[in-house]
Amino acid sequence: MERLDKFLSSQGIGTRSQVKNILKAGRVTVDGVPEGDGGRKIDPQSQRVALDGEELTKVRRVVLMLNKPEGFVTATEDARERTVMELLPREYAHRKLRPVGRLDKATEGLLLFTDDGDLLHRLISPKNEVAKIYYARHEGTAGEADVAAFREGLVLADGTRCLPAWLEPLGPGESRVTVREGKYHQVRRMMASRGMPVTYLARQQEGGLALGDLPRGGVRLLTEEEVAALEGK
């Protein structure tokens, strides 16, 4: 059981204040009966909740953005480690959310979750080359030769070939890296191949979606406009 207003928020209806106004306007029904009390407890699995006559439990998708802190593995479950699923609000527990791609345990920053399989596939499929931007602190200082090597496409020590990428030096020991694929520990391995081992890494942007001022460990629901931008619409 969960509060009606929290359920509506989890369906992407709007912010808490917007949900409150929607309820007040009589636009929400539970089992066909208008309901204006956001505190009412409902069971989304057995009750029909509708907005303007459209049943929500079957047609709405959820896309969340997490500012992942270090120390959590990107997995839906793990017997030994804390997972990113533990950071999601409980009101989304009934949704079959999956992480979009992966950030390693030590890497922080933007990580998406969705129950929309088509969107998940689009964002992780290598053929779509969705750009991902990282901020890195590292040993040494990136120079023009490093920038050129990234631009040409690096070949790592194990023979892995990387697509052309963009390295932007930000000063001594700091760089911004843009990649269009998601190979295992890719940014860390690319930087290390140029003699600049990474000491801190955070993803700041994926496609046209930026992390913004979301605090570390914070989670927010994406708007339909933001999801459309991720889809390239």
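Begin at the second largest pocket, whose lining residues divide into seven nonpolar, six polar and seven charged. The model on screen is a predicted one.

**Stop 1: the second largest pocket**

Select Ser 9, Gly 14, Thr 15, Tyr 92 and Leu 221; of the 20 residues that line this pocket, these lie nearest its centre. The volume of the second largest pocket is about 380 Å³. Next, colour α1 (4-10), α2 (16-24), β15 (219-221) and α7 (224-230), since each of these elements supplies at least two residues of the lining. Which element gives the largest share of the lining of the second largest pocket? That share, three residues, comes from β15.

**Stop 2: the open sheet of four strands**

Move to the open sheet with the strand order β3-β2-β5-β6, in which the pairing is antiparallel. Select β3 (33-34) and β6 (54-55) to mark its edges; each of these strands pairs on one side only. Then add β2 (residues 28-30), which pairs with β3 in the antiparallel sense over two bridges. To find one residue pair here, select Thr 29 and its bridge partner in β3, Pro 34.

**Stop 3: strand β9**

Select residues 108-114, which form strand β9. How many residues of β9 are buried? Seven of its seven residues are, and the strand is mostly covered.

Now bring in the strands that pair with β9, one at a time:

- β7 (residues 63-68) pairs with β9 in the antiparallel sense over six bridges. Select Leu 64 and look for its bridge partner in β9, Phe 113.
- β8 (residues 98-100) runs antiparallel to β9 and is joined to β9 by three bridges. Here Val 100 stands opposite Leu 112 in β9.
- β13 pairs with β9 in the parallel sense over two bridges. Glu 108 stands opposite Ala 202 in β13.

**Stop 4: Glu 108**

Stay on β9 and show the side chain of Glu 108. Is Glu 108 buried or exposed? Its relative accessibility is 5%, so Glu 108 counts as buried, the cut-off for buried being under 20%.

Next, show the backbone of Glu 70: its nitrogen lies 3.3 Å from a polar atom of the Glu 108 side chain. To see the wider surroundings of Glu 108, leave aside its neighbours within four places in sequence and select the residues in contact with it. These are Lys 68, Pro 69, Glu 70, Leu 103, Tyr 200, Leu 201, Ala 202, Arg 203 and Arg 216.

**Stop 5: strand β10**

From Ala 202 in β13, step across to Tyr 135, which stands opposite Ala 202. The two strands concerned, β10 and β13, pair in the antiparallel sense over seven bridges. Select β12 as well: six bridges join β12 to β10, and the two run antiparallel. In this pairing Lys 132 stands opposite Val 179 in β12. Why is β10 described as largely enclosed by the rest of the structure? Six of the seven residues of β10 are buried, so the description follows from that count.

**Stop 6: Arg 180**

Follow the chain into the loop between β12 (174-179) and α6 (186-193), and select Arg 180. What does the side chain of Arg 180 make a polar contact with? The partner is the side chain of Glu 129, at 2.5 Å. Then show the backbone oxygen of Pro 164, which the Arg 180 side chain reaches at 3.3 Å.

Leaving aside neighbours within four places in sequence, the contacts of Arg 180 are Glu 129, Val 130, Ala 131, Leu 163, Pro 164 and Trp 166.

**Stop 7: the largest pocket**

Finish at the largest pocket, which holds about 510 Å³ of space. Of its 30 lining residues, select Arg 102, Leu 103, Gly 182, Lys 183 and His 185, the closest to the centre. Leu 103 has already appeared on this tour, among the residues in contact with Glu 108.

Now colour α4 (117-124), β10 (132-138), α6 and β13 (198-206), each of which supplies at least two residues of the lining. How do the residues of the lining of the largest pocket divide? There are 12 nonpolar, seven polar and 11 charged residues.

Key:
Residues numbered from 1 in each chain as written. Predicted model: local features only at pLDDT ≥ 70, side-chain atom pairs only at ≥ 80, totals over all residues. Heavy atoms only, no water. Buried < 20%, exposed > 50% of the residue type's maximum accessible area, 1.4 Å probe, protein only. Polar contact = N/O pair within 3.5 Å; in protein donor to acceptor, adjacent residues only side chain to side chain. Contact = heavy atoms within 4.5 Å. Pairing = 2+ DSSP bridges. 1 Å grid on protein atoms, 1.4 Å probe; cavity = no way out; pocket = protein on both sides within 12 Å on 5 of 7 lines; lining within 4 Å. Points joined across faces, edges and corners; volume = space filled by probe spheres on them. Nonpolar A, V, L, I, M, F, W, Y, C, P; charged D, E, K, R; others polar.
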